[in-house]
Amino acid sequence: MIGISLNAQCLSQVFQLQFLFPQIQTRRRNIYFSRATPSYSSPFQTNFGSILTSFPFISISSCRQTQTIFCATMEDYNNTAFEALSSDKYFKELELAVKAVQMACWLCQRIQQSLLSKTNDHVQSKDDNSPVTIADWSVQGIVSWVLSESLGSDNVSIVAEEDVQVLSKVAAIGLLEAIVKTVNECLSEAPRFGLRAPVMALSTSEVLEAIDRCNSMGGSSGRFWVLDPVDGTLGFLRGDQYAIALALIEDGEPVLGVLGCPNYPAKKEMLSYHDGYCRIASRLMSLSSESWDKGCVVYASKNCGNAWMQPLLHKEKKFVWPNSARQIKVSTVDNPALATFCEPVEKANSSHSFTAGVAHSVGLWNQPLRIHSMVKYAAIARGDAEVFMKFARAGYKEKIWDHAAGVVIVQEAGGVVTDAGGHPVCFSKGMYLEGLDRGVIACAGAILHEKIVKAVDASWNSSSL
């Protein structure tokens, strides 16, 4: 047996162990490891004991029959999160938004699995040739319906990426039927996520109305939601990273942000790998699928000084707020040589060459972590990376739904987000980040941020952007 005694201040790291080893079972004030705890072997050359001893608060002793960790209960930890969140000004909206995004993540996982397993014609191209899928419209429909039903349609204004123009064409009848079916299947699961389901299935016109209700233009006054139903559709189609992003904006400032990241790996080392590689590695290591559970929802509200992460709802479990949430913080690394920086995968709307030049001048020697979608913001907030830089090519305009949720989460996790001139990112000018100075810079701390802003100033005039 392995008896492991903990000290209370490291409770959050205990639950990191639960994330790594799902066979941990919590009972009262003990955590029991089943006899099926796996032994680890090549290619990662590690084992259960070495992982445990990497947590400085753990002391290990040997016995025979059971393996026990003494710590606070999951209920105690949930109570701590609940108390912190319940005092928040936007508690009601935050809980609703997280539940809606959790349900959207569940839907997207099902659709992605279907798209990857067979040829599917439920993928369209927009006017700018970027892809849009059944998931984009379905998520927009369910989130719009949930917000309107819960808060009242007269109280809900939404800025979102998709419209119903394509779905209104005769050639899209099959696609529209599939979306209506998908929306209704998802909403039938709403009670599992703590949400109210429709009394009866939504009609085609009701689904179109929900999608089309997301027609706000934003602005500098009042309250509106910002939704990107599937941010990083290319990543979604490739089985890679993508995000469901929902934010609430009041008088031009994001006050609440939720990011659902269905493919975010439990182990940050796997973040740079395609999800298919992770599945292959899992088979090579003979681990149970539960050991490779992935996906999380990260969220925060303005001026609360906390950002939170909770696992996705798996299998047939029922959502209970705040769903094992734990606090997350940005990394403390401020040495550029040790920092990891993120940038977009696609070159179409971001200059990799300019970012590489800035990284070199600052001393960011690590290879860039190229990730689809706003998962980059989640990586900064979770402490898995220190820098995110994006410098758009001439003519490209950043949209508010690509940044709003991520900005508030990183800031509340302790990070810094500005444009390349060091000014706050402005969300008060409509659907676009009008007046954005050259690009967006998000950092784990002020020291790295200041160095990057200075490097951009020194390099910009010689660039072709």
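## A buried aspartate

Aspartate 384 is buried, its relative accessible area being 15%, which falls under the 20% cut-off for that label. This is a predicted model, so please read every distance and area here as a computed value. In the chain, aspartate 384 sits in the loop that runs between α11 (375-382) and β17 (387-391).

Two side-chain partners are worth a look in your viewer. Tyrosine 264 makes a polar contact of 2.6 Å with the side chain of aspartate 384, and arginine 382 makes another at 3.3 Å. Leaving aside residues up to four places away in sequence, aspartate 384 touches Tyr264, Lys268, Thr340 and Ala379. Tyr264 therefore turns up both as a polar partner and in this list of contacts with the buried aspartate 384.

## Nonpolar cores

Next, the nonpolar interior. The largest nonpolar core has 66 residues, and those touching the most other members are Met103, Ile142, Ile179, Trp225, Leu256, Val258 and Tyr299. Helix α4 (residues 91-117) is the biggest giver to this core, with 15 residues.

Valine 258 shows how such a residue is surrounded. Not counting residues up to four places away in sequence, its contacts include Leu94, Ala97, Val98 and Val101, along with Ile244, Ala245 and Leu246. Val297, Val298, Tyr299, Ala405 and Ile409 also touch valine 258. A second core, separate from the largest, holds 46 residues, among them Ala245, Cys342, Ile371 and Ala444.

## Helix α5 from end to end

How far apart should the ends of helix α5 (residues 134-151) be? With 18 residues at 1.5 Å a residue, the expected span is 26 Å, and the end C-alpha atoms are indeed 26 Å apart, so the two values agree. The helix is mostly covered, as 16 of its 18 residues are buried.

Both ends have a feature to inspect. At the N-terminal end, threonine 133 acts as a cap, with a side-chain oxygen 3.0 Å from the backbone nitrogen of alanine 135. Just after the helix comes glycine 152, which takes a positive phi of about 95°.

## Salt bridges

The structure holds 15 salt bridges. Side chains of opposite charge can pair when their charged atoms come close. In one of these bridges, arginine 223 meets glutamate 93 at 2.9 Å, N to O. Because arginine 223 belongs to strand β9 (residues 223-231) and glutamate 93 to helix α4, this pair ties together parts 130 residues apart in sequence. Arginine 223 is partly exposed at 34% relative accessible area, whereas glutamate 93 counts as buried at 11%. Glu93 and Arg223 also belong to a network of salt bridges with Glu250.

Arginine 196 and glutamate 149 form another bridge, at 3.7 Å from N to O. Arginine 196 is in the loop between α6 (173-187) and α7 (204-212) and glutamate 149 is in helix α5, so the pair links parts 47 residues apart in sequence. Arginine 196 is exposed at 54% relative accessibility, and glutamate 149 is partly exposed, with a relative accessible area of 39%. Finally, arginine 438 pairs with aspartate 457, their closest N and O atoms being 2.9 Å apart. Arginine 438 lies in the loop between β18 (416-419) and β19 (439-443) and aspartate 457 in helix α13 (residues 446-460), so parts 19 residues apart in sequence are tied together. Aspartate 457 counts as partly exposed, at 42% relative accessibility.

Terms used:
Residues are numbered from 1 along each chain as its sequence is written. This is a predicted model: local features need pLDDT of at least 70, side-chain atom pairs count only at pLDDT 80 or more; totals for chains, interfaces and linings use all residues. Side-chain values use heavy atoms; hydrogens and water are left out. Helices (H or I, at least four residues) and strands (E, at least two) are DSSP runs, numbered from the N terminus. Buried means under 20% relative accessible area, exposed over 50%, partly exposed in between (1.4 Å probe, protein chains only). A polar contact is a pair of N or O atoms within 3.5 Å; within protein, one must be able to donate a hydrogen and the other to accept it, and residues adjacent in sequence count only if both atoms are side-chain atoms. Contact means heavy atoms within 4.5 Å. A nonpolar core is a set of buried Ala, Val, Leu, Ile, Met, Phe, Trp, Tyr and Cys residues joined through side-chain atoms within 4.5 Å. The expected span of a helix is 1.5 Å times one less than its number of residues. A salt bridge is a side-chain nitrogen of Lys or Arg within 4 Å of a carboxyl oxygen of Asp or Glu.
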